[in-house]
Every structure is written in C-alpha cells, then in structure tokens.
Amino acid sequence: MSLLDVRGLVKYFPVRKGVFGRVVGYVKAVDGVSFSIGENEVFALVGESGSGKTTTARCILRLIEPTRGEILFMGRDVTKLKGRELKWYRRNVQAVFQNPFLSLNPRMKVKDLVAEPLKVYRDQAQDVERAVEEHLEMVGLPREVGERYPLELSGGQAQRVAIAKAIILRPRLVVLDEPTSALDVSVQAQILNLFLDLKKELKLSYLLITHDLSVVKYVSDWVAVMYLGRIVELARTEELFENPLHPYTLALLSSIPGTKKAKWKRIELAGEPPSALNPPKGCRLRPRCPLAFEKCHEEPQLVEYSKEHWVSCWLY
Amino acid sequence: MLEVRGLHVSYYTLGGVIRAVRGVSFRVSPGKGLCIVGESGSGKTTLGLAIAGALPPNARASRGSVRIDGANILELGPEDLERVRGSLVSMVFQDPAASFNPLFTIGQTLGDIARHKLGLAERSEAREAALAALRRVGMPDPERVLDAYPHELSGGMLQRVAIAAAILPRPKVLVADEPTTMLDVTLQYQILKLLNRLKETLGLALVFITHNLGIAAEVCEDILVLYAGHMVELGPTDKVLEEPLHPYTQALIECIPRIDRGPGRLKPIPGSMPDPRRLPGGCVFHPRCPHVMDICRERDPRPVALDKRVVSCLLYNGEKGGAR
C-alpha cells in the first residue's frame, strides 16, 4: 500500500482587482495532479519555476488548502483532518526547505531549535537533551554546535540542523523542497548522501522537489516532470533516464550543461513559459514545442506508455 | 587583450582584513572566453569586480595589475575609471531585476548609456543605438521592449536586456558574473548560446564567472579554478575537465551529480571552505586534500606550468611531478 496518495489535486489562486477585490481570473498553479509515494520510497517532482511543484508540496503539507482533489495519507484524507488528527499528520509529515537561514529562528540556539518539536508534542518518554545530541550526531554535527545560533553556521551546517529538526519526531514522510539548491556542490554531495543514509536508517519516504534532474538521478525512485501545473511524464527513475519520452523532459535533459554526447534526442524549446493565468489551450507545451502538430490543439491525457511509465503527449 | 598579473585583492572590514584574491594571473584574447570557477568564498566575484574596475570602497587591489590593451585598470583615478567602465570593460550580473532602476523604462536606461558612453546627443540617435543593441541580443519585438518597465519583462528577457546594455558602449572585455544562475534551465541554455555568439561576432574577451563546471564546458576555451582566493588550476577547458591535475579540481568534478551516473552515493569533499580570516598555513587546500603530504602543511605551492596548463600543487613540484 502506498503511504501518500494524491488524486486530482487542483489549486487555483484567485487574482483580484480593484477596490472591491473582484476576482478577475485564476492562476492555475496546480491543475489536476495525481501520484502516489510508497513506503521508504523517494518521489521527485521536477520542473521549472511556475510548474506548480512547490504549490503541490505546500498543499500536501497543508500550508495552503487545495481547491479540489484528495490527498490520502495512510488511507486518511488529509484535507479533512482537524485538531488531534491534524497534529498526528503533521508529526508524521515533516519538511526541509531551501534556505535554512529563513526556516530556522535566528534567535534560538541550535539545541533549542532541534528540541522544539519534542516540546511541542510533549514527548515525555524521551530525555530531550540526549535526543538532541543523538540527532545532531545523526546529521553529522559535533555536539558543540548545539550552543550556537543559526547565523554562526555555514549553509551546509544550517541545513543539517533543519534536517535534525525534521527527523526528531520520526516522521514517515519528509518533504524536501529544493533542499540543496542554495548549497555549494561539494556540500550538496554531503547533504544528498545524508538523505540517503537517513532514508535507510529511519525507513523514511521523501517527496523531493527540485529543478535539477541530475540530483534526481542519484536519490529518487520515481520522477514526475511537471509543466504549468500538470504532470507531463511520470516514471521509475531508471526508466525515465533510459527512455525519456515527453518533449519537455527531453528539453530539460538537453539543457543540462555538458551533455552534448547524450543518447536522447536533443530538443530546444522556443521562448519562455507562458503565464499560468492563461495557459495555452490544448497541450500546454504546444506554443514552445518543436514537435507540435495538428492534434496538439486538443488536450492530451497522462497515459501508460509502458510498464511504470506514463506520458501526456500526442506523439505516443 | 585582457591580462591579469599577480593580482591580490583584500577587503578591509571591522572584523579584520579578508584576503579575497591572492595571486591570480591569466590572459584572455579577443573573441575568446575564460571561465572562472569556484565555490562561494573562492574570490571569483571579487576577481570579476577588480577586472571591471568596480571594486567596493573597502576593497583594495594591493598587488598586481589588470591590463586591458596595455592600460592598467587598477591605477586609474575615479574620472578615468568612469570613462573606462562600459567602453572598455562591461559587466553583467546574476540578478537582472536588481540591475535596472525600476522607475525608468528600458528605453530610458539604454538611451542614457548611449548618450553618456557613445556621446549621442540626439534622442533619436540614442534610441537607434538602443534598438540596435536589443536586436543584437536577439530580442523579439525590440520596439515594444524599449517602452517597457523592468518589471514587465521576465527574468530571461531582462537578462538579455542587461547583456544588451553591457555591449552597447562596445567594450573590449565583458565580465559575466553567474548570468544564468537565476534563470530556469531551458532559458539558461539560450543565454549561454547568446554570450558565445557575441563573444565571437564582437571580438569580446569574455570572462565568465560560475560555480557550475558543466556551464564552463559550454562557453569557454579556458578555465580557471579558484579555491579560497588562490589560483588552483588554469588551462584549456576540455583538458582541465577531462584530466584535472589539482586534487581540488579532481574532487570538485567528482562530487557533481551527473545524469550519466547514479543512483547511489556521491563523493563529497570532506570538511568545508576555510574561514577567509584564518586561512590554513601552507597549501590552503591541505586540510581537505586526499593526497596531502607533510610539506603541504608548510609550503605554499607556486603555480607551475605543466601539460599546457598552470597548476598550483606541490605534487607537481619537481621530483614528485606527475603523481596522482
């Protein structure tokens, strides 16, 4: 059974104008997204800015309320949880964000930051001080770091603190929103390895949000590629890199620098992503796609192309 | 021709002196590109600012020279520097939105540059020059863009305008500091291609600053790797990327996730960047180096010429030469 099931998730943001806040349109940030994440699995959502990947994550974390659709966590509909049950959910689903200096309170010491979730959940079963030390060690930080403030740390160290804070309650799922985008490559490699170790050790599942396909290749079991609020391709990671189908996926792969000799078809997109306020009719990639044809004026659906590989494109 | 020789740049702060660039030398010919690669704190941006004559007031180039066609940028007074900026050397920054005054239209901004730097007094002439620059960077619908305010353009378009502004006064050297880092990957590629084309057609000496080695492979003939302000390795891009000599270059290439590898663990570089106020003695990379020898803790390696490039590592000094 899967741990998290997202079914037909839709999030529209109203655009208001004028003194009375009349709604003049909607930004269709997420427009019908479905996927599931299994136990101890890593699922990656990949896309450029405006693709809706972060909005999807924010809906799952219930930081914002989805417009439509279901989010099932261990069989329970997350969008309807309240009070105690919501607390249970938040305990089991934690998050690590891109910039640790924004997600960690600068006025709290590291040890208090890491201990805070235990205090919020009144976890008396544990010796808080020892738990904090243990978790700092798990994320590869020396004990002394506990006495420091976030701004005294390097970016990599601060991200480790954010990770310690996220795992101390032993969640089942951790949402990682661009967790290494702000880090230098040498540190990025350390943090990605840490994610792999923790996944194994604590039987975690991850929802990884990123724009970087090469990171996905290392840590993820599944990948969904998003464009303007829709999933355009979804597959097992090896399968996606072995046999990329959707022109947008091909374009993303082609634009990774230093891949001139790649085996897939090199595709270059024209222009820039259109506004999600008024996405193109039919296939959303059509105006930019070099392979577009007549049929693309109709909207394609995500269909199973082969085992564990779905694509939403009229070419297939 | 751009020639940097033995350049040292330091920042004077309340917390002490930060030696950001320590002894960097290289040359870039017209129509060619040099990529400066390094992680944060490597001194790559400071180096770029020094070349563009745009160091902040608390920074000083204490030693060395930056010569463009013979003239040493570092010796110029404020007035001469003002004259040189733009017409001899221009710069493109990471965040295009922060490069423009939001209160002026693109046409006003570009027109000002044309009037001041090209001496075009007539409004219509300045407008023509601005239009020509926009066309040169492949801007669709340039007339409409001239009347637009910065916020009306997307990041990718604005970066194109920033490049147009930089080449408008016809500089000989263009310094581009992480110009694609804020852009989406599909746009990134378009900007790289544009810079490559401009470099060749306008005979620019391009200095491209990036933290991404993959990008280096796309735009520049030569590559310079910096670590903690020190020049680590300098040479032809494919040589440096395919057979890196310096242990830092080797480790840096190893730790980058690549789509033709994985899944599994990456090979990170242990430890972290040293504090710039307390750099380790001897070779700056020795605390993190897998090939560290006793001598590395004491002696600062000098750059040596080897296999068509320059490398600063004691592994290649004399008797130990060629060891890996």
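**Helix H4(B) and Gln98(A) in a predicted model**

Colleague: How far does helix H4 of chain B reach from its first C-alpha to its last?

Modeller: The model is predicted. H4(B) covers residues 123–136, which makes 14 residues. At 1.5 Å a residue, the expected span is 20 Å. The helix comes close to that, reaching 20 Å.

Colleague: Around the axis of H4(B), what arc do the buried residues cover?

Modeller: The buried residues are Ala126(B), Ala129(B), Ala130(B), Ala133(B) and Leu134(B). An α-helix has 3.6 residues a turn, so residues three or four places apart point the same way. The buried residues lie on the same side of H4(B), because they cover an arc of only 135°.

Colleague: Which residues are exposed on the other side of H4(B)?

Modeller: The buried residues pack against helices H3 (106–118), H5 (142–146) and H6 (155–167) of chain B. On the other side of H4(B), the exposed residues are Ser124(B) and Arg135(B).

Colleague: Which residue just after H4(B) takes a positive phi?

Modeller: H4(B) is made up of residues 123–136. Just after it, a phi of about 70° is found at Gly138(B).

Colleague: Is Gln98(A) buried or exposed?

Modeller: Gln98(A) sits in the loop between strand E6 (93–96) and helix H3 (100–103) of chain A. A residue needs 20 or more other C-beta atoms within 10 Å to be buried, and 12 or fewer to be exposed. Gln98(A) has 19, so it is partly exposed.

Colleague: What distance separates the C-alpha atoms of Gln98(A) and Thr210(A)?

Modeller: Beyond its neighbours within four places in sequence, Gln98(A) has contacts including Asp177(A) and Pro179(A). Thr210(A) is 112 residues from Gln98(A) along the chain. Their C-alpha atoms are separated by 9.8 Å.

Conventions:
Residues are numbered from 1 along each chain as its sequence is written. Chains are lettered from A and ligands numbered from 1 in the order in which they are written. This is a predicted model: local features need pLDDT of at least 70, side-chain atom pairs count only at pLDDT 80 or more; totals for chains, interfaces and linings use all residues. Helices (H or I, at least four residues) and strands (E, at least two) are DSSP runs, numbered from the N terminus. Two residues are in contact if their C-beta atoms, placed from the backbone, lie within 7 Å. The expected span of a helix is 1.5 Å times one less than its number of residues. The arc is that of the directions from the helix axis to the C-beta atoms.
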